[in-house]
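User: Please take a close look at one part of this model, the region around its second largest pocket, and relate it to the rest of the chain. A connected account would serve best, with each term given its cut-offs where it first appears.

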Amino acid sequence: MPDFGHGAETAQGLAYGNHDPGAAYGPEEARGGAARAPYPGHGGEAAEAGYAAHVPQAPAEAAPDAARRAAGAAHSTGPAPADTPPAPPNGGHAQGGAPRPRGNLRARLTSFVGRQTEIADLRRDLRGARLVTLTGPGGSGKTRLSEEVAAAVTAAYPDGVWVVELAKLDHAAAVPGAVLSAVGDRETSLLATKLETRLGGADGADPAARLVELCAHRRLLLLLDNCEHVIDAAAALAETLLAHCPGLSVLATSREPLGVPGETVRPVEPLRPAPAHQLFAERAAATLPGFDPARDPDTQAAVAEICRRLDGLPLAIELAAARLRLLTPRQIADRLDDRFRLLTSGSRTLLPRQQTLRAVVDWSWELLDERERTVLRRASGFAGGWGLSAAEAVCAEAPPAAAPSAASPADGMAQDGMAQDGMAQDGTSAMSAINASVQPAAHPELRPRTHIAPGEVLDLLGALVDKSLLVVDHPTADQAPAEARYRMLETIHEYVGERATEDSVARADHTAALARHTAYFRDYARTAEPRLRSAEQLPWLHRVESELDNIRAALKRSLEARDEQTVIEFVMAMGWFWWLRNYRDEGVAWTREALILGGAMGPGDWRSVLGSIPGDVPPGEDGVDEAVTRYWDQMDLRLLLFFLNADNADGPTLTSPDSVTAAHRIRDAYTAHPGPRGARFPGMLWPFSGFLLDGHAGVIPLMDEAVANSRAHGDDWAVGVALMFRTHAVIDSPGGMKNVEADWAELRELSRRVGDRWMLAQVETAAGEMAASHARLDEARAAYELARRLAREIGAHAEAPFIITRLADVAINAGELDRAEKLLDHSDEEAERRGSQDRDVRSFNGLLRSLVELHRGNLARARALCEGARRMAEQATPPSQFWVLADGLDARITADEGDAPGALRKLRDTLSRGAETGCVEILLAQQAETAAHVLVGCEKEGLAARMLGAADAWRGELGRTPLPLRETEKATAAAHRALGRETVDALRAEGAGLSVEQVIALLDELVTTPWPGY
């Protein structure tokens, strides 16, 4: 059938022997109308005979089998249709001696949009190959593109470019006659040759033989348009002509390749967004003069949505633009779910199968055999793309000896180089029951029309790709694993989805295919889950990302079927991926749905982060007793929800009575029931319930229990993560640096052995913190950069903002304020780009920006930033040391603003808060150092020296970085000037014996005594 390029014109019922070639083909032929004279039926016999007399006779053995097939087809089915008037061969003359036109290309009535790269590629193809076939789905623009290419290469074919429109042919036998009608005169007498005799007999009636005779010594381009419904005959004739006519080239359009040796196949891709929008705009302006797609944002967005959802198909876009007579672009876009009813306003002059979008796709469907239709219907259950192993599992029936629910990705994964262990083969889900209920043995009246074996799927997919109903996407060089994937255009998918439910047999077969789809992707996700935490994670992350649409579809289907067990299996298998790759909001939504399905959370309980938890653990054994197993399944879901929602949960929600009660029950349940549940994700997160109960200090003792449980029941990854969580908690607690060293060597070894880049990144982050605490800033910077690179490799982009913030902190401590500011800008940009809702990061960024402005002397800006950071933190869940930092910075700004007593009162309160919350010693030392800075400005140098001594002791082996070192040296120099070096040294030594409580008492005594001048 004629395929629309960027205009809806087709042959419109015209045979190429009687339309007006001169009007279409350049000024020389068109001028004066001479070339527009009708072709005489028998004119030019002398010239024709003269030409024929010089045609060398071809030996009989030169005729290939393809020619015999073409000739046999022509004679066995009857004569070609007689509705095409004859035309003399190219190079002859019309009556009166007028020169004949070189070809029959027609003028186009509409503009041609885009495709300049494709035209250049096709011109290059025609220079190197004699048969080039444009393939693509109906409406993709094959016909129009081929005509544009033909018009561009006319000069290379002195004997013309000839278009042969095959869309109207009803019989394959008519193909040779239709070609002869386009390029020559059916009734012209040709001298009989041995070749003619061989092909068609001595009566000279065979059109294939006449074509060979006519074209053997000419240089011309034959454009065979719409070959798909007569593909065998078109291929046979093309092979014959190419074999016997060395100056002839063929440019064909078809929904599948001709399959002739030497053929170059060029798929015609949908239009890219920019030319698609331009096409819509130009056709819309013809329908609605003055239409401007850019007149307002909503119209612009609607046009973009129309072009995207119509897959960039030119025909569909033109039909949509025609609807502007009655609808706005937004109305059209909103109705595309019913596109086949909407897009029905094609030109009246077109063939019926070209006037509506449905008719175009119907035409392709009718060209399929039943096995191809069956695979296509079953493939409509996929969402997005799919690989070969998935197709073999879903589009083929399960082996008769096996339960249908046992279809899994294991075998296909083995073929693709994937491991097979970790598969779920229980077959107990509701979807499996649905699958079993529609098997032929149970319901013979619903037996599929045809049986498809797994080994047959590849060839059937290939046939559907060849017929342009599936698209195959080949991997790029940087993609791993390298696997071809298949997909349907949205328009085809919607059409096939309707076909999949058109009768009871189709519906039963479709239901069984959907059950196989659900089982396959459930098992796929469960197979992937442990590998996402291993050295294999990079290719597996790509695999899971590729199948996200299918996993979502299967999970949604399971929720709708209220198949709780399958839903839980999906959510547990996907939880780590959702968190790692920053699909956290999506994971929260799915996990809530799972909890609601199980009755552990109400539909309106959207603010809860843990749901309602029973007060007691049911008696019995997990994995054996149903009630106990269900209890722990729901506990896992609650912990996963808490983990995924950590960035979004605000302080008031986490400290609400319901959350505190839930945290108590989680802690008590896992403490009283150690075992495998608490040694794998997400159950191993239970110690964080202590944070809701007792803050930072409440986590560390629970982490000790988690480490012991992981050693007893977990794998290397579980032990490593438990140690890593404990390390991060201990670093921020008193004596943390010394305590970390006990686990550090083991943690390093485990992280390297497991190979999980996320764990390695976390370990490097901890290494950076330890190096920074020891004032080894270059080492800290290198560790943070490595952590950043590892996180980037696995796409853990949500980790990036805080790692960059830590780099900014290093820069500030090195005195590199400009560098720090740029890094903070980058951190904010990363958070914005990734859609991060991490208020903790942004709060900390605000504090660091305030510190930068303080050291630049911009007190007003420093004050504003500090207060803004504090307000944001009140809606987040920062660790307790954040408030020590914030309060200490507030005190320092207060001092520089001139209120020394107020600053010292704030420092007293900050030290009290730090002591109460178990703050790490280095932060407490920083507060004492700030107090010394304030005191030397108030001529309290003796007390300042004692504060510096206390800070020295609290730091221990943790040295000062350049910026605080300069501050300390300034305070020390001021004290030396006032009191002398020996006195200051003695006071500083005395201060080294002060506890935090004693320093607080000294400051309290000072600020409660009136000061002269304050």
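Analyst: Asn-582 counts as partly exposed because its relative accessibility is 25%, a class that lies between buried (under 20% relative accessible area) and exposed (over 50%), with a 1.4 Å probe and protein chains only. The model is predicted, so local features need pLDDT of at least 70 and side-chain atom pairs pLDDT 80 or more, whereas totals for chains, interfaces and linings use all residues. Residues are numbered from 1 along each chain as its sequence is written, and side-chain values use heavy atoms, without hydrogens and water.

Asn-582 sits in the loop between α26 and α27 (584-597); helices (H or I, at least four residues) and strands (E, at least two) are DSSP runs numbered from the N terminus. Although Asn-582 is not a glycine, its phi is positive, at about 65 degrees. Most residues other than glycine have a negative phi, and most peptide bonds are trans.

Helix α26, which precedes this loop, leads to the requested region. The second largest pocket holds about 550 Å³ of space. A pocket is an open set of points on a 1 Å grid over the protein atoms alone, where a 1.4 Å probe fits and protein lies on both sides within 12 Å along at least five of seven lines; lining residues have an atom within 4 Å of a point. Its volume is the space filled by probe spheres set on the points, which are joined across faces, edges and corners.

The lining of this second pocket consists of 24 residues, and those nearest the centre are Arg-526, Glu-529, Met-572, Arg-680 and Phe-681. Two or more lining residues come from each of α23 (504-531), α26 (564-580), α28 (626-644) and α33 (716-731). Helix α26 supplies the largest share, 5 residues. The lining comprises 10 nonpolar, 5 polar and 9 charged residues, where Ala, Val, Leu, Ile, Met, Phe, Trp, Tyr, Cys and Pro are nonpolar, Asp, Glu, Lys and Arg charged, and the others, Gly among them, polar.

Phe-681, one of the residues nearest the pocket centre, precedes a cis peptide bond to Pro-682, with omega near 5 degrees. Pro-682 belongs to the loop between α30 (657-672) and α31 (689-694).

Ser-710 provides a further view of this part of the chain. It lies in helix α32 (residues 700-713) and counts as buried because its relative accessibility is 1%. Setting aside neighbours within four places in sequence, Ser-710 is in contact with Gly-678, Ala-679, Ala-718, Val-719 and Ala-722, contact being heavy atoms within 4.5 Å. Ser-710 and Arg-677 are 33 residues apart along the chain, and their C-alpha atoms are separated by 9.7 Å.

Helix α26 also has a part in the nonpolar interior. The largest nonpolar core has 201 residues, and Phe-280, Trp-386, Val-571 and Trp-758 have the most contacts inside it. Such a core is a set of buried Ala, Val, Leu, Ile, Met, Phe, Trp, Tyr and Cys residues joined through side-chain atoms within 4.5 Å. The greatest contribution to this core, 12 residues, comes from α26. For Phe-280, contacts beyond the neighbours within four places in sequence are with Phe-291, Val-303, Ile-306, Cys-307, Ile-317, Ala-320, Ala-321 and Leu-324. A second, separate core of 36 residues includes Ala-174, Val-230, Val-250 and Val-260.

Another positive phi in a residue other than glycine occurs at Asp-311, near 60 degrees. Asp-311 is in the loop between α12 (297-309) and α13 (314-322), and it counts as buried because its relative accessible area is 13%.

The largest pocket offers a point of reference. It contains about 690 Å³ of space. Among its 27 lining residues, Glu-269, Pro-270, Leu-271, Arg-272 and Arg-487 are the closest to the centre. Helix α5 (116-128), strand β5 (263-267) and helix α22 (490-499) each give two or more residues to this lining, and α5 gives the most, with 5 residues. By class, the lining has 12 nonpolar, 5 polar and 10 charged residues.

Helix α22 reappears, with α23, in the surroundings of α17. In helix α17 (residues 370-379), 8 of 10 residues are buried. The cover over its buried residues includes α16 (357-366), α18 (388-395), α21 (457-466), α22 and α23.

For the whole protein chain, 58% of the 1014 residues count as buried, and there are 47 helices and 7 strands. Of its contacts with a separation of 6 or more, 75% join residues 24 or more positions apart.
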